[in-house]
Amino acid sequence: MRQRFLLLSASMGAGHDAVAGELAERLRARGHSARIQDVLALLPPGVGPALRAGYRGAVRHVPQLYAWIYAAFLAAGPDGQRGRSGPDGGAGAVARPGSAPLAALAERALMDVVDRWEPDAVISTFHLSAQVTGRLRTRGVLDVPSVVTVVDFAVHRGWLHPGNDMHLCVTESAARTAEAVTGRAAEATGPVVPERFSESYAARTGEGRYGHWHREFERLAPGRPLVLLSAGAWGVGAGLPGTARQLVAHGFCPVLLCGRDERLRRRAASVPGAIALGWVESMAELMAAAHALVDNAAGQTAAQALATGLPVIGYRPLPGHGAEGIREMVAAGVTELAGDEGELANALEKVVSPGPVRELRVGRGRALFRTDAAQRIADVTRAGVRTA
């Protein structure tokens, strides 16, 4: 049966849009219709761009301010109990600010889209849209299933409105948290990344590293292990050129992924022995040619690396969701967090060459990819009823 899906994303970096885009492609491949809507565009004029600019500015220039915002609005309560939350996603035991006022601003615009497009289900890949759909489902205004696809390893309370029908999560731990908080069904389907990353894993384990990037790295850094250093789409991170210098000193060839930050790319290009790249379209092929990823955000780049069989090391995590996400990855056994230069070098030494540590880490990472989230979305929508 052909179905219609409205996917709600947000232009905050690239991760949420990447997941929404991949889900849309998978659903269309099954014969369904899918439309992607930026939830920031549903807010009153100027609010979405201001929210995006404020978030980007805080993470880049005032990280401690963002850490405070995350702790106040999104993180678990001070008593550590995630399970006591009210209908707007806030903790019931302690009065804390939430995103309900912001979510309310998008409700009417979202329902206008729903009324015009008449989807069979609404899918959220951003926590603000999960709050909007949860509120509308609770009041009975939105009368089609609402499924939340959590893109983060750490499930903060912004994702967890009990009005939504189901949460699809990256890990079993995240799914247990979602189910405990919302009282509704949650499943660990694993990260949502394009199939080409798994194909790169097959190439890595079969015929070895391949393609343009492999040839380029053989020319530029023969004999040195290639370590990708991720800064996300916005080129965000603490002391990235300095980290690159440290890696060079320890015998690695750091490849800085500077995203769309041309200024960072120019700075990184001045580090002797390092390679600086801007926005990369062929990320799967790049990862197939590398030996490890140093990550600070536990976002889509980390998920893509796990799909490719590329070991991930956490280092200098971004405040808030980055730090919490890497802690969750450590708990899942798919990474370790290096506390300083020496720990980073030691952690990389253990995973850049074949051995028991690398094999265990790669195996655990690959095991996260359990179920096709798009298929589960179609199944829940076809059932047409609440799943808990």
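**Close-up views of a predicted model**

**View A. Helix 1 and helix 16 cross in the right-handed sense.** This is a predicted model, and the first close-up shows how these two helices meet. Helix 1 covers residues 15-29, and helix 16 covers residues 373-383. Their axes are 9 Å apart, and the helices pack at an angle of about 65 degrees. On the helix 1 side, look for L23, R26 and L27; their counterparts in helix 16 are A373, A374 and I377. Keep R26 in mind, as the next view returns to this residue.

**View B. A salt bridge links D372 with R26.** The closest N and O atoms of this pair are 3.0 Å apart. D372 sits in the loop between helix 15 and helix 16, whereas R26 belongs to helix 1, so the salt bridge ties together parts that are 346 residues apart in sequence. The two partners differ in how covered they are: R26 is buried, with a relative accessible area of 17%, while D372, at 23%, counts as partly exposed. Across the whole structure, a search finds 13 salt bridges.

**View C. Within helix 16, R376 and D379 form a salt bridge.** The N to O distance for this pair is 3.3 Å. Both residues lie in helix 16 and are 3 residues apart, about one turn of the helix. D379 is partly exposed, with a relative accessibility of 28%. For a wider look at the charged groups, turn to E22, R26, R30 and D372, which are joined into one network by salt bridges that share partners.

**View D. T381 is a buried residue of helix 16.** Its relative accessible area is 7%. What is T381 in contact with, once its neighbours within four places in sequence are left aside? The partners to find are Q3, F5, D120, A121 and P145.

**View E. Six parallel strands build an open sheet.** Reading across the sheet, the strand order is 9-8-7-10-11-12. Strand 9 (275-277) and strand 12 are the edge strands; each has a single partner, so one side of each is left without a neighbour in the sheet. From one strand to the next, the twist averages 25 degrees.

**View F. Strand 7 is mostly covered and pairs with strand 8 and strand 10.** Residues 226-230 make up this strand, and 5 of its 5 residues are buried. In a regular strand, side chains alternate between the two faces of the sheet. Here, L226, L228 and S230 point one way, and V227 and L229 point the other way. Strand 8 (residues 253-257) runs parallel to strand 7 and is joined to it by 5 bridges; one bridge partnership to look for is L226 with C253. Strand 10 (residues 292-295) also runs parallel to strand 7, joined by 3 bridges, and there L229 stands opposite V294. Strand 7 and strand 8 also belong, together with helix 9 (residues 240-249), to a right-handed β-α-β unit.

**View G. Helix 12 lies across strand 7, strand 10 and strand 11.** The helix runs at about 160 degrees to strand 10. In the loop between strand 10 and helix 12 (300-308) you will find A298. Is A298 buried or exposed? With a relative accessible area of 3%, A298 is buried. A298 also has a phi near 55 degrees, a positive value in a residue other than glycine.

**View H. R316 is another residue with a positive phi, here near 45 degrees.** R316 lies in the loop between strand 11 (312-315) and helix 13 (321-331). At 37% relative accessibility, R316 counts as partly exposed. Strand 11 pairs with strand 12 in the parallel sense over 4 bridges, with Y315 opposite A338.

**View I. E336 and R361 meet in a salt bridge beside the sheet's edge strand.** Their side chains come to 3.1 Å, N to O. E336 is part of strand 12 (residues 335-338) and R361 is part of helix 15, so the pair ties together parts that are 25 residues apart in sequence. R361 is buried, with a relative accessibility of 10%.

Note on methods. Residues numbered from 1 in each chain as written. Predicted model: local features only at pLDDT ≥ 70, side-chain atom pairs only at ≥ 80, totals over all residues. Heavy atoms only, no water. Buried < 20%, exposed > 50% of the residue type's maximum accessible area, 1.4 Å probe, protein only. Helix = DSSP H or I, 4+ residues; strand = E, 2+ residues; numbered from the N terminus. Pairing = 2+ DSSP bridges. Right-handed = clockwise from strand over helix to strand, strands pointing away. Salt bridge = Lys/Arg side-chain N within 4 Å of Asp/Glu carboxyl O. Axes fitted to C-alpha atoms, helices over the stretch in contact; angles between N-to-C directions. Left-handed = near helix turned anticlockwise from the far one by under 90°. Contact = heavy atoms within 4.5 Å.
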